[in-house]
Amino acid sequence: MPAITPARTMTTGPCILLTALASLVFHTTPLRAEWPEFRGGAAQGVARQSGLPLTWGDHDHVAWRVRTEGLGWSSPAVVGERIYLTTAVPRGDDVYDLTAECRRLSDGSVLWREVVQRQTGRVEIHSKNSHASPSPLVAGDRVYVHFGPHATACLNTADGRLVWKTRLEYKPQHGTGGSPALFEDVLIVCCDGRDVQYVVGLEAATGQERWRTPRDTHPRKGFSFSTPLVIQAAGRWQAICPGSDAVFAYDPRSGREVWRCRYEDGYSVVPRPVYAEGLLFVCTGYDRPKILAIDPTGSGDVTDSHVRWVLERGAPHNPSPVVFDGALYCVSDKGIVTCVDARSGVERWQERLGGNYSASPLAADGRLYLQDESGVCHVLAAAPSFQLLATNKWAEGARTYASFAVAGRSLILRSESELVRVDP
């Protein structure tokens, strides 16, 4: 059992109740305006509000832009009038302050900043990764942050005070990427290292382990970086956790395996799954990416029985797909955008935008927002035919790997050095 560091005395009962209520709201009120975690309130990359900005530039439609300290590819979380993000601030050779911070939505100013853990010693990391890539998750008066094996923590949203901190032992390859997910009072984290692979459920109130389920596979390369997605299908809650060689569905309360679907030679899985039209859409990772459309009502090994269709041409390695109005959209890392019918997998259109992509697309207001790695955002019509509506450049010369956040009618964008709010 890993050591837990409680930061202050707290009453666990009310905290569990608040967390459970917050989780219930997330799962029963889909596509809400707030953006409390990676890919939004329903974790699908879809915002239902209308009136989002179509065009912007360095200054046009920019409400504010502020410098950020350190480097992090975590996507911002927005709840109420506050923005939450993480960053890694260098403090010397191979020394980083792994930091959580809260900013004011109205002007981007810092409300609080808390160093969660000082990371020391050389850590192997990919050139496209950061030491703060997992996104924060906000529920009630708590914000949860994950820095891989270095620290997983819970902080108070009001002032950043540490509630608890723990460490999950595994050895990532190329750094850390997957964000946590929350169901009721359980924080679910995929720990897929080059040494061990498991999924863990932590008590959201205390950080104590409730369950730990080893991945029952023997992949050639065990490391992956996906974020769990909690869904309800066939009357069962399921935590969908892609990993190397297979995607697993676990009971989020107990960690018991519900079903699994195998894929050949899949590893370094990054995209978060999407659930729509009664199907679960899962990306298989490197080296030859596919998107599997899986019926999640089965049990046991469903590889040969519940895969409804497979997309190979244009499937992404890193950006998550999105489903909007019955169509699945994805952008490959090399800028190929594909639209297929979500239920059948029949292709509607495919076009090359160019550029390189890591950020996940956003669907909102009948549009698709696709941000490349160099600060160019293409806006397309979410339609049966390809229509380019706008091309916006806002961070030329800066890397832009973080995904979008939505705050009311505003977009929150992050580059390697800035945080920007874009208004209609």
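**View 1. A100 and E114 are bridge partners between strand 6 and strand 7**. In this predicted model, local features need pLDDT of at least 70 and side-chain atom pairs count only at pLDDT 80 or more, while totals for chains, interfaces and linings use all residues. Residues are numbered from 1 along each chain as its sequence is written, and side-chain values use heavy atoms, with hydrogens and water left out. E114 lies in strand 7 and is the partner of A100. Strand 7 also supplies R113, the bridge partner of E101. The two strands, residues 95-104 and residues 110-120, run antiparallel and are joined by 9 bridges. Strands pair if DSSP finds at least two bridges between them. Strands are DSSP runs of E with at least two residues, helices are runs of H or I with at least four, and both are numbered from the N terminus.

**View 2. G108 sits in the hairpin of strand 6 and strand 7**. This hairpin has 5 residues between the strands. G108 takes a positive phi near 80°.

**View 3. Strand 5 meets strand 6**. Strand 5 spans residues 82-92. It runs antiparallel to strand 6, with 10 bridges joining them. A88 has L98 of strand 6 as its bridge partner. The hairpin here has 2 residues between the strands. In that hairpin, D94 takes a positive phi near 55°. Strand 6 is largely enclosed by the rest of the structure, because 8 of its 10 residues are buried. Buried means under 20% relative accessible area, exposed means over 50%, and partly exposed lies in between (1.4 Å probe, protein chains only).

**View 4. Strands 12, 13, 14 and 15 form an open sheet**. The order is 12-13-14-15, and the pairing is antiparallel. Strand 12 (181-183) and strand 15 (209-214) stand at the edges. Each has a single partner strand, so one side of each is left without a neighbour in the sheet. From one strand to the next, the twist averages 25°. Axes are lines fitted to C-alpha atoms (for helices, over the stretch in contact), and angles run from 0 to 180 degrees between N-to-C directions.

**View 5. Strand 13 pairs with strand 14**. Strand 13 covers residues 186-192, and strand 14 covers residues 197-203. They pair in the antiparallel sense over 7 bridges. C191 has Y198, in strand 14, as its bridge partner.

**View 6. Cysteines without disulfides**. The structure holds 0 disulfides, a disulfide being a pair of cysteine sulfur atoms within 2.5 Å. For C190, the closest cysteine sulfur is in C241. The two sulfurs are 3.9 Å apart, too far for a bond. C190 counts as buried, at 9% relative accessibility. C154 is buried too, with a relative accessible area of 0%.

**View 7. The whole protein, for context.** The secondary structure comes to 1 helix and 35 strands. The C-alpha atoms fill a box of roughly 55 × 55 × 40 Å along the principal axes. Of the 424 residues, 62% count as buried. Contacts (heavy atoms within 4.5 Å) reach along the sequence. Among those with a separation of 6 or more, 54% come from residues 24 or more positions apart. About 15400 Å² is exposed, by the Shrake-Rupley method with a 1.4 Å probe. Carbon and sulfur atoms supply 47% of that area.
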